[in-house]
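Subject: Structure handover

Hello,

The structure is below, with the sequence. My notes on what was found in it follow.

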Amino acid sequence: MHNILIADSGSTKTDWCVINGSEIILRTETEGINPIVQNEADIAAILQQVKSQSEDLDPPSRLYFYGSGIRTGMIEPMKALLSRHLQVEPVVQSDLVGAAKALCGRNEGLACILGTGSNSCLYDGTKIIANTPSLGYILGDEGGGAALGKRFLNAILKRRLPANLIKDYEAEFGYSVDEIIRRIYREAMPNRFMASFSPFIHRHLDCKPLHDMVVDNFKSFFSLNLTPYERKDLPVNAVGSMAFFYRQALKEAAEAEGYRLGLVVKSPMEGLIDYHAAGNDETNSR
């Protein structure tokens, strides 16, 4: 059997795995790849890391790349970039297709991504049949880490949280208002910066205003993104760090909005390994 390379890429990190049948040959992690917010040179540097780590292995016969920022117009340029730097024939699809395959396999379901950003779809077991556009961290991404960080920073800087929590925040981060404005409005990857406050929030979930903020962030995701599907009969399956680490808050939000939570995993990679090891055909497209 031939080696197959699988990549699941979000805005923050990319998981890479080489499989041969059901055997895992290599697993590694790099910085995230998103062609909307990164230039070709930045992406090429990341791909060279992968190439150097896998150079002792038999070349893969195929690469299945599932990535954030992969829209219709990005597919061919991304295929050319992957082929040029990794010397492999790539199948390039959105991270949402990858999440749907990992969470639902060949079954109908609601598949959601809740990481730095967010996305969702209605999946019929072979393809995505409906998708509410996520719109990115400025216009959307409700439920994601960047959206939560935006709410948190607004509440911190406008002194709308308890004094002891603000004191803990200042002791840990020490960012001035000017520095925060600069990081968000003038530097690259502001979505990652805003999402970086999530571990602090998670450690302080016993603070009711923070707990309510997390639940409200998820409620916005359900009401604005899942409502259009009109499928409250289906469980909500979710992948990503926000879904995984805030699972109880996600469950609370789901029930408040009339949904029930299904499979929740941190990473889609295990599901993608199972999917491709089973030899499923690649008819999904997005």
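What radius of gyration would a compact globule with 286 residues have, and what does the protein have? The rule puts such a globule near 19 Å, and the protein has 19 Å, so the two agree. Please keep in mind that this is a predicted model.

Overall dimensions and fold content: the C-alpha trace spans about 60 × 45 × 30 Å along its principal axes. There are 13 helices and 10 strands in the protein. Among contacts with a separation of 6 or more, 66% are between residues 24 or more positions apart.

Surface and charge: 51% of the 286 residues count as buried. The exposed area comes to about 13,300 Å², of which carbon and sulfur atoms supply 51%. The protein has 30 positive and 35 negative charges, and the mean positions of the two sets are 5 Å apart.

One residue was looked at individually. Asn-34 sits in the loop between β3 (23-31) and α1 (40-53). Is Asn-34 buried or exposed? Its relative accessibility is 9%, and buried means under 20%, so Asn-34 counts as buried. Leaving aside neighbours within four places in sequence, Asn-34 is in contact with Ser-11, Ser-68 and Gly-69. With Ser-68 there is also a polar contact, side chain to side chain, at 3.4 Å.

Regards

Note on methods. Residues are numbered from 1 along each chain as its sequence is written. This is a predicted model: local features need pLDDT of at least 70, side-chain atom pairs count only at pLDDT 80 or more; totals for chains, interfaces and linings use all residues. Side-chain values use heavy atoms; hydrogens and water are left out. Helices (H or I, at least four residues) and strands (E, at least two) are DSSP runs, numbered from the N terminus. The radius of gyration is taken over C-alpha atoms; the globule rule is 2.2 Å times the number of residues to the power 0.38. Buried means under 20% relative accessible area, exposed over 50%, partly exposed in between (1.4 Å probe, protein chains only). Contact means heavy atoms within 4.5 Å. Accessible areas come from the Shrake-Rupley method with a 1.4 Å probe; for residues, only the protein chains shown count as cover. Lys and Arg count as positive and Asp and Glu as negative; His and the chain ends are not counted. The place of a charge is taken as NZ of Lys, CZ of Arg, CG of Asp or CD of Glu. A polar contact is a pair of N or O atoms within 3.5 Å; within protein, one must be able to donate a hydrogen and the other to accept it, and residues adjacent in sequence count only if both atoms are side-chain atoms.
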